[in-house]
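Here are a few notes to read alongside the model. They go through the ring contacts, then the charges, then the surface.

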Amino acid sequence: MTTTTTTHPTRKAPRPARSPRRSRVTVGTVLTVVWLTLTALAVAAPVIYAVLGALHPTTALTGGIGGLVGDGWTLENIRNAWDRSSITDQLLNSVTVTVVQTAAQFVTAVLAAYALVFGRMRFTGVIAVALVVPMMLPQEVNILGNFLTVRQLGLYDQVPAIFLPFLANALTIFLFIQAFRRFPTEIHEAARLEGVGPLRFLVQFVLPLNAPVCMTALITSAVAAWNGYMWPLLVTMSDEVRTIQPGLKSLSSENSSDTGMVLAGLLLASLPMLVLVLLGQRHLSRGLTEGAVK
């Protein structure tokens, strides 16, 4: 008679639960947080001062911080800045210049980059280098030539003179060239085999897949156009034709004693671009860092 023995598998003893690791706060982390906090306060301090000064009477500005955070909130400075100057016309001029200049730079940059990357042109490297060279030159180098051109065209002291020399931008073209070079060639070849034309391929395939770069180009071009100061001041003379940035200088000169009204004009000039950057911040950061990673 044979007896069968059954062997039971040995169970492993459960491992003791590991205690959660405590994150160590190093001296470097503390210094980094302190440095970032101080930097943020230094950047935000002028903005906070402008907002509080615009919403308080001018007499409160001489009373220290207590006069800006206490009572006395008013919109009188904003109403005075709107009524006593040509700020309405200047805001409309700034909107016109920003829309036209941004749209022109976007269209020219997209078409130029598309032709250089997908057009199978010769000497594309030489052309790309030629586009980068103007980026290395200071803007003051081209001021004299642009000014003489505007005068000969009879556009001095007119709104088109402000945006005419800036209908194309080398930095925006270079940004799209780098983005289009990372576009998958398989999609391009498949679209060509399907009979997709260049314009349709650009609008339906290339631009949607490079949406962060497009948003970055639009935001940076719009901010640069809105904040233009030296060139609009040079080619315009009357306050009704100038944009908001040179107009603030006139507002400050005429009302040097009314600091609250000057700060109100500064707030009105900064608010549109501040809202634009805050709304497009996510796309802006993605567009600027997208080319750094393959």
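1. First, the rule for ring contacts: rings of Phe, Tyr and Trp (its six-membered ring) count as a pair if their centres lie within 6.5 Å; planes under 30 degrees apart are called stacked, those over 60 edge-to-face, and the rest tilted. Going by that rule, there are 11 aromatic pairs here. One of them is Y114 with F118, a tilted pair with 5.1 Å from centre to centre and 35° between the planes. Do keep in mind that this is a predicted model.

2. Where do Y114 and F118 lie? Both belong to helix α5 (residues 87–118), and at four residues apart they are about one turn of the helix from each other. Y114 has 14% relative accessibility, so it goes down as buried. F118 is buried too, its relative accessible area being 12%.

3. Now for F147 and Y156: their ring centres are 6.1 Å apart and the planes meet at 85°, so this pair is edge-to-face. On burial, F147 has a relative accessible area of 18% and is therefore buried. Y156, with 26%, is partly exposed.

4. Y156 has another contact to look at. The charged end of R151 sits over the Y156 ring, 5.2 Å from the ring centre.

5. Back to the ring pairs, which also build up into something bigger than a pair: a cluster links F106, Y114, F118, F176, F180, F183, F201 and F205. So if you colour the Y114–F118 pair, colour the other members of that cluster as well, including F106 and F205.

6. How many salt bridges does the structure hold? Just one. E76 forms it with R79, and the closest N and O atoms are 2.7 Å apart. The two residues are three apart in helix α4 (residues 76–83), which means about one helical turn separates them.

7. Are the two ends of that bridge buried or partly exposed? E76 comes out at 36% relative accessibility and so counts as partly exposed. R79, at 43%, also counts as partly exposed.

8. Last, the surface. V25, V30, V34, L38 and L41 make a nonpolar patch of about 470 Å². Of these, V25 is found in the segment before α1 (27–54). V25 has 65% relative accessibility, and because the cut-off for exposed is over 50%, V25 counts as exposed.

Technical notes: Residues numbered from 1 in each chain as written. Predicted model: local features only at pLDDT ≥ 70, side-chain atom pairs only at ≥ 80, totals over all residues. Heavy atoms only, no water. Patch = residues over 30% accessible without salt bridge, like charges linked within 9 Å, V, L, I, M, F, W, Y side chains within 5 Å. Areas by Shrake-Rupley, 256 points an atom, 1.4 Å probe, with all protein chains shown as cover. Salt bridge = Lys/Arg side-chain N within 4 Å of Asp/Glu carboxyl O. Buried < 20%, exposed > 50% of the residue type's maximum accessible area, 1.4 Å probe, protein only. Lys NZ or Arg CZ within 6 Å of the ring centre and 35° of its normal.
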